[in-house]
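Open your viewer and take this tour one selection at a time. We will start inside one chain and then move on to how the chains meet.

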Protein chains: 2
Amino acid sequence: MEKNFIERLMEDVSQKSSRVLVGLDPVIESMPESFVRPILREKGNNNEGCAEAIWIFNKKLIEGLADIAVAFKPQIAFYEAYGIAGMQAYSRTLKAIREHGILAIGDIKRGDIGSTAEAYATGHLGHGSEFEADAVTVNPYLGIDSIRPFLKYVDQNGKGLFVLAKTSNSSSSEFQDLDTIDQKCSTNIKLYQRVSAKISEWGKNSISGNYSSVGAVVGATHPSTLSELRKMYPHIPFLIPGYGAQGATAKDIIHGFDSNGHGAIVNSSRGIIFAGGKDTSNFVSDARIAAIKMRDEIENALKG
Amino acid sequence: MEKNFIERLMEDVSQKSSRVLVGLDPVIESMPESFVRPILREKGNNNEGCAEAIWIFNKKLIEGLADIAVAFKPQIAFYEAYGIAGMQAYSRTLKAIREHGILAIGDIKRGDIGSTAEAYATGHLGHGSEFEADAVTVNPYLGIDSIRPFLKYVDQNGKGLFVLAKTSNSSSSEFQDLDTIDQKCSTNIKLYQRVSAKISEWGKNSISGNYSSVGAVVGATHPSTLSELRKMYPHIPFLIPGYGAQGATAKDIIHGFDSNGHGAIVNSSRGIIFAGGKDTSNFVSDARIAAIKMRDEIENALKG
């Protein structure tokens, strides 16, 4: 039988000695002038031209970072912003990642009632669908109804899932950190802790080796939360956003890993793909330098 | 100055004497055989053929229900499920609704960190964007960071927003009903109540007449919640899903309205658009009958 998501991820982490998840969050205004201008001139300064630039930009990054990135994570919002042509670029990007034999995580954060969640799951994890990824991110606010259709693809098709627990943004405290009352014991439990407990439960049927194919999104900007959840839920793999451009460093994220250096992948998007700024003449080589630096910072922090 | 979202909605409710929000949630397998078969035969039994069927299905419903539906709400998941062609059908559906002078609510339930939420807001509320709607639904789990970019379009471009508070599905209780601890007073507050308080705050700058352009999604399946939130937040308009196929009736939703019969719109999707079943030869007329029945049930319940 083919390997499932978490088995592939663990294997790729070992083979590449990398925990770097490269976010493909393209923004035309942040791309190098010398790259983007000729494309827009030829294809038009409109959604079609922008989508073409995004696609070529991503393609070059996927090829250039294939040996360093343990997976790529296109954030679908940055493609939806460019309409139909943008969605075509999203589809082509996912296909290119997977054709390179690299895991593609669709950062879609969907969450809806059962019948609707089924449609989302089909669209984003269904075999041969145009937006098919190896794993996707989802939002827990609607509870298990919104998660179950995705779990079917985890259990039956070897896909992966990352459920938002504690996000990297500053207003994540607004609801996720609320103390909720536990009827069973005297201590109170924060909302993100309760969500994490459910994630552990939702993923208990899909554990291979030490980890489940159902993971949690926990922001790099909350080191103590990473540490706490790592101890409490040894089987939940973490997708850790917030490295680099959002301010977190290697020291912040090491607590998300187990003593073998497993159990998490760390995302950086802007910090890698736009590393060379708008004036660079070689954004791929700049991105490589940034990605290698990040990879080595994490490896060294884990050894230290 | 042009009317903003809530002004248009209130006016349309009065003019049409209708609170019916028709959900355009197309599923090929649920469409009438005699309608869908010829299209798939001609265009292909694939995403392109399905998207063509969806588009024609929606177009006929928009034309046929224009005088009864106070707004239409395409649920984007059912379009994403058909890939790029599906997204094209979504775009064409939104355009057709708006060209008929009817409000289009994009049911997208997006929620992400600031920079990403900005991309979503641009894509779904930006002027002239291919997925432009008059209002969209959003998910509150990430807090104000994820809402702020949408509020900009509410304040500056007259758009509307409906934030999930208490959803219609059964597992909405899992997190939304959790008791959270209030530091200020002795009573505990449920998560959805706290979210509702924030929605009220987020919408306080966009009140026209009695209501804000920032509303809440509150399921018809929770009548006492509707009643409670209506009393507590007189300025929040409600988008009430769960009528019909999900089991709620007119008696369940009247508590979501104020004493003048204002302040809410009620969604039914499958119960209207698939009212005639798979064997009907005229789904538009079946949908009209179902929509008129629903409109009148609500009007009568409000009078009674």
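Which residues in α3(A) meet which residues in α13(A)? Keep in mind that this is a predicted model. Select K60(A), L61(A), G64(A) and L65(A) on the α3(A) side, then add V284(A), A287(A), R288(A) and A291(A) from α13(A), which they meet. Color this selection by class and you will find 5 nonpolar, 1 polar and 2 charged residues in the contact.

Now show both helices whole: α3 spans residues 47-65 of chain A, and α13 spans residues 283-303 of chain A. Their axes come within 10 Å and cross at roughly 45°, which makes α3(A) oblique to α13(A). The crossing of α3(A) past α13(A) is right-handed.

Next, bring up both chains. The contact takes 48 residues from chain A and 48 residues from chain B. On the chain B side, elements giving two or more residues include α5 (83-99), α7 (144-157) and α9 (191-202). To see the element that gives the most, select α6(B), with 6 residues. Across that side of chain B, the residues divide into 19 nonpolar, 21 polar and 8 charged.

For the last stop, superpose the copies. A turn of 180° with a shift of 0.0 Å along the axis lays chain B on chain A with an RMSD of 0.0 Å, and that is the relation of a two-fold axis. To locate the axis, pick T180(B): its C-alpha is the nearest in chain B, 2.1 Å away. The copies meet through the same surface, because 100% of the interface residues of chain B are also interface residues in chain A.

Methods. Residues numbered from 1 in each chain as written. Chains lettered and ligands numbered in written order. Predicted model: local features only at pLDDT ≥ 70, side-chain atom pairs only at ≥ 80, totals over all residues. Contact = placed C-beta atoms within 7 Å. Helix = DSSP H or I, 4+ residues; strand = E, 2+ residues; numbered from the N terminus. Nonpolar A, V, L, I, M, F, W, Y, C, P; charged D, E, K, R; others polar. Axes fitted to C-alpha atoms, helices over the stretch in contact; angles between N-to-C directions. Parallel < 35°, antiparallel > 145°, perpendicular 65-115°, else oblique. Left-handed = near helix turned anticlockwise from the far one by under 90°. Least-squares fit on C-alpha atoms with pLDDT ≥ 70 in both.
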